[in-house]
Amino acid sequence: MSAEMMTPEALKGLIRTVPDFPEPGIQFRDITTLIRHSEGMAASVHHLAELARAAGAHKIAGMEARGFIFGAAVAVALGIGFVPVRKPGKLPIKTIGVDYALEYGTDRLEMDPGAVAAGENVVIVDDLIATGGTAAAATQLLRLAGATAKHALFVIDLPDLGGADKLREAGVDVASLMQFEGA
Ligand code: AMP
């Protein structure tokens, strides 16, 4: 690691918190102020890549849309492939999908069933884990495709929302660069 590499604690200072977005009571943790900062972006990818390397990643999977930003960069840093986990109707081939519950209604994630090999160690990368619904669905989807999905990495964890604990109960090792209290 280079001497000037920003620490996770310093990276936390680059996150912009926007109160009451997209609805009252939500503290939106905005990563755009982190990724436009050249050293902040480089250090975020570096720290995530070190965690993915330690996890023995064969491939990285990232969830649309902000998981693409970090996940693809981590894959390049490690010289491994990237698998996009997409919102419905985006992929041009026959997909497999998993529906999951949101606070109001449901959502769905889809992927190419041929994107991973049986037993391949695919590490999930996303910007933030809140309730864990998105990451749990991505885990389920990767496992459906035959991958081993037992590591998930996030820039930000909101531990009070319990998502990381939920993922751990599903047999996933969870790590994050920083945590924020509250919702
Ligand atoms: P969840 O499925 O509840 O873990 O939500 C995870 C997804 O929702 C992440 O990919 C985030 O992009 C987004 N998200 C949820 N809560 C927040 C928040 N407070 N600030 C920014 N993004 C959030």
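This section describes aromatic pairs, a charge over a ring, nonpolar cores and one loop residue in a predicted model.

Two aromatic pairs were counted in the model. In one of them, the ring centres of Phe 21 and Phe 28 are 5.2 Å apart and the ring planes stand at 85°; because planes over 60 degrees apart count as edge-to-face, this pair is assigned to that class. Phe 21 has a relative accessibility of 45% and is therefore classed as partly exposed. Phe 28 is likewise partly exposed, with a relative accessible area of 21%, a value that lies above the 20% limit under which a residue counts as buried.

Phe 68 and Phe 82 also form an edge-to-face pair, with a centre-to-centre distance of 5.9 Å and an angle of 85° between the planes. Phe 68 belongs to helix 4 (residues 66-78) and Phe 82 to strand 4 (residues 81-85), so that the pair ties together parts 14 residues apart in sequence. Both rings belong to partly exposed residues: the relative accessibility is 23% for Phe 68 and 27% for Phe 82.

A further aromatic ring, that of Phe 180, takes part in an arrangement with a charged group. The charged end of Lys 12 sits over this ring, at 4.8 Å from the ring centre.

The largest nonpolar core comprises 29 residues. Within this core, the residues that touch the most other members are Leu 11, Leu 48, Ala 52, Ile 60, Phe 70, Val 74 and Ile 156. At least two residues of the core are supplied by each of helix 3 (38-54), helix 4, strand 7 (121-129), strand 8 (148-157) and strand 9 (173-179). The greatest contribution comes from helix 3, which gives 6 residues. The surroundings of Val 74 illustrate the packing in this core: when neighbours within four places in sequence are left aside, Val 74 is in contact with Val 45, Leu 48, Ala 49, Ala 52 and Ile 60. Of these contact partners, Leu 48, Ala 52 and Ile 60 are also among the core residues that touch the most other members. Another core, of 27 residues, lies apart from the largest one; its members include Met 63, Val 122, Ala 137 and Ala 149.

Outside the regular elements, Gly 89 is located in the loop that runs between strand 4 and strand 5 (96-101). This residue has a relative accessible area of 67% and, because values over 50% count as exposed, is placed in the exposed class. The C-alpha atoms of Gly 89 and Arg 108 are 9.8 Å apart in space, while the two residues are separated by 19 residues in sequence.

Notes. Residues are numbered from 1 along each chain as its sequence is written. This is a predicted model: local features need pLDDT of at least 70, side-chain atom pairs count only at pLDDT 80 or more; totals for chains, interfaces and linings use all residues. Side-chain values use heavy atoms; hydrogens and water are left out. Rings of Phe, Tyr and Trp (its six-membered ring) pair if their centres lie within 6.5 Å; planes under 30 degrees apart count as stacked, over 60 as edge-to-face and the rest as tilted. Buried means under 20% relative accessible area, exposed over 50%, partly exposed in between (1.4 Å probe, protein chains only). Helices (H or I, at least four residues) and strands (E, at least two) are DSSP runs, numbered from the N terminus. A charge sits over a ring if NZ of Lys or CZ of Arg is within 6 Å of the ring centre and within 35 degrees of the ring normal. A nonpolar core is a set of buried Ala, Val, Leu, Ile, Met, Phe, Trp, Tyr and Cys residues joined through side-chain atoms within 4.5 Å. Contact means heavy atoms within 4.5 Å.
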